[in-house]
Amino acid sequence: MRWFRSLFWKIFFAIWLSSLVMLAATVFIVSQVNERERVQDWLLESVRLNAEQLVDDYERSDGLSKRRRYYYHKRFARSFYQRWREHNGDHHDHRGRDHDDWRRDHDKRQEPPRIRIYAGDSERPIFGGRDRHTDGPEPLQLTVQSETGAQYRVEISSRAPELPLRHLFRFILSYQIVVILLATALASVLLTGLIVRPLNRLRDHTRELHQGNLASRAGDKLSRRRDEIGELAREFNSMADYVEQTLVGGQKLLQDVSHELRAPLARLQVAAGLAEQKLGEDDRLAGRINLECEQLNRLIDEILSLSRLDAQPLDAEPYALSGLLNELAEDIRFSAPQRVLHWPGVELSAMLPGNRALLQRALSNVLTNILRHTPDEAEIYLGVTQAANELVVTVRDTGPGVDEALLPVLLEPFVRAEGKKSEGYGLGLSIARRAVERLQGSLRLRNHPEGGLEVSVRLPL
Amino acid sequence: MTEHKPSQLLLVDDDTDLTELLSEYLSNEGYQVLCAHSADDAETILAGQRFDLLVFDIMMPGRTGLDLLQSLRPGLQTPVIMLTGRGDDIDRILGLEMGADDYLAKPCNPRELLARIRAVLRRVQPVVQAPSAIRLVQGGIVLDAGSREVMVAEQPLTLTSAEFNVLMLLMQQVGRVVSKAELTEKVLHRKLTAYDRAIDVHVSRLRQKLAAQGEAERIKTVRGEGYQLVQH
């Protein structure tokens, strides 16, 4: 599974990204509103003082000369720019500069607000032009009082001072966003873990079950949960119960039946022997009965030894693999002297843990299988290699190999290569595999590229 | 084959039908067969009668054939053949280690059982090897082929007939490697087959007994060939 395909990362990114976007948007909007309020505050502040002076001046001289109007325009503009700069983080003293200088030097997009001042409820402004910004937002209203106590309305219409883009960049690079990133990542890791960890545990149990540990069940922590995962765990447990019962029951039945078959078979054989005594040793029928009894016997043997493998203890003493292989090679040379056997006789220092008899059983079944199913001309290669933490025994023949389609099922009980009049029951290799698996190893079959079947047995050290 | 009085056999098996059939079969072959159907029965019968050979089934309700063998040995000199369940390799080895002379997996062809019985009987019946070789001496081991007695460091050593025959063969050919095939043929009176480890069990049992009497490491294993008695 590629890492990005895993549920963990999918859920993690989904939660993380969505919460990140949500949080970032919220923080951004809140700070925008905040900003606007602050801007309005200082805008009003910067206008109020000048407006108060203006109305006093207006009352004293009963109107404003053109020069005074121009003067106040400039004052409004200057104090706007002064505050604007302060707002944007420039605290240098720029007094004495003309507002046109500001305009030239700085933000050309930012125009000072238009100020109109009305006396009382009058519609005619005493200051400021008649035209309004029609496209801007609602003008800000401000009321000032002159020394005489008359009320004046001040209307500040401005394009909302635009926040320059660098505000956004500054926001993105700010510590806030780093904190948000970390917080959302943490939250999504926790959330994801909450979902994915129990799933992974359940997967491990399923894998164990599949690998032959029939007793594997989801623990209390999983199955006592009251959510969907708990339900899944309980369902898994009942399924595992069912699987275990079925498999163990089937095996037990097979074993019991085979066991019970032995007693009548033993009597049958003796009865056949008695018949033989009466009919003479070379009687065809008696011979036939004996032959069939032998067949039955072998079948029962194999079934019983297959089901007995699981009962074999594993805590036997460690043993040297090379000794075992030498013995097997010796057996082959003895029982099939016509065969060519290549066995380099490697001496390995490594000791294998577990049950020697089990491995011997497995390997001799593999070898017997070769002797039985390949022509006498086929040569046998026995070899062993040592890797970091395992030993690999390979047994290969130069016979015709096995039909590719049959390879995956050949290790199942009662599966035989067809088209051959073989005397086995298809149990030899499944016994071998079961024995190797009992030793925590694995047994694989493949057709060797140069012809013939290759059986490799991996054993953990 | 039965020139003098017929050999007496005791069959111990809980399957009464089987013992009936078997005793009929073996009687037809000239043996006198008595049957017992439990270990306790067998002990009672054995207390009052001598047999030439005993055949025990291992799987019996109550005391098993192995228990019976254990309680009879080492006082019992009569050879014993154990009938084991098929595939019970461990029973097989255990039986041999406890002093059975041979084993046979059940169910089996009665001809096979007959052959084993004959082989074991032939083995224990005093065989005059060669008049000169009746008494063999090797270091502290003294073997009397006539009386079938072994003394090690002047102490009598109790051996099963198979163990005795292994030792005798090795002593007759001291210093030479005796092959497993030869040992199996001469001691167990059958051909060595692949995966047959019976002779190894007898040898290792003999080794243990010798070692217990101070004759350790007298029998050497020669891998791929056989066994050898080391000369002193």
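Two residues are in contact if their C-beta atoms, placed from the backbone, lie within 7 Å. The exercises below apply to a predicted model.

**Exercise 1. The contact between chains**

Determine how many residues each chain gives to the contact, and describe the side that belongs to chain B.

*Solution.* Counting on both sides, the contact takes 25 residues from chain A and 22 residues from chain B. On the chain B side, at least two residues come from each of helix 1 (16–28) and helix 5 (110–124), and helix 1 of chain B, with seven residues, provides the largest share. Sorted by character, the residues on this side of chain B are nine nonpolar, eight charged and five polar.

**Exercise 2. Helix 8 of chain A**

Check whether the span of helix 8 of chain A agrees with its number of residues, and then find what its buried residues pack against.

*Solution.* Helix 8 of chain A covers residues 284–308, which is 25 residues, so at 1.5 Å a residue it should span 36 Å, and this agrees with the 36 Å between its end C-alpha atoms. Its buried residues, among them A:N290, A:C293, A:I300 and A:L306, pack against helix 7 (228–279) and helix 11 (428–438) of chain A.

**Exercise 3. The nonpolar cores**

Identify the residues that touch the most other members of the largest nonpolar core, and say which helix gives the most to it.

*Solution.* This core has 61 residues, of which B:L9, B:V12, B:V55, B:F56, B:I81 and B:L167 touch the most other members. Helix 6 (residues 161–172) of chain B gives the most, with six residues, while domain 1 (8–124) and domain 2 (131–229) of chain B each supply at least three. A second, separate core of 33 residues includes A:L309 and A:I431.

Conventions
Residues numbered from 1 in each chain as written. Chains lettered and ligands numbered in written order. Predicted model: local features only at pLDDT ≥ 70, side-chain atom pairs only at ≥ 80, totals over all residues. Helix = DSSP H or I, 4+ residues; strand = E, 2+ residues; numbered from the N terminus. Nonpolar A, V, L, I, M, F, W, Y, C, P; charged D, E, K, R; others polar. Expected span 1.5 Å × (residues − 1). Buried ≥ 20, exposed ≤ 12 C-beta atoms within 10 Å, placed from the backbone. Core = buried A, V, L, I, M, F, W, Y, C linked by C-beta atoms within 7 Å. Domains from an automatic or database assignment.
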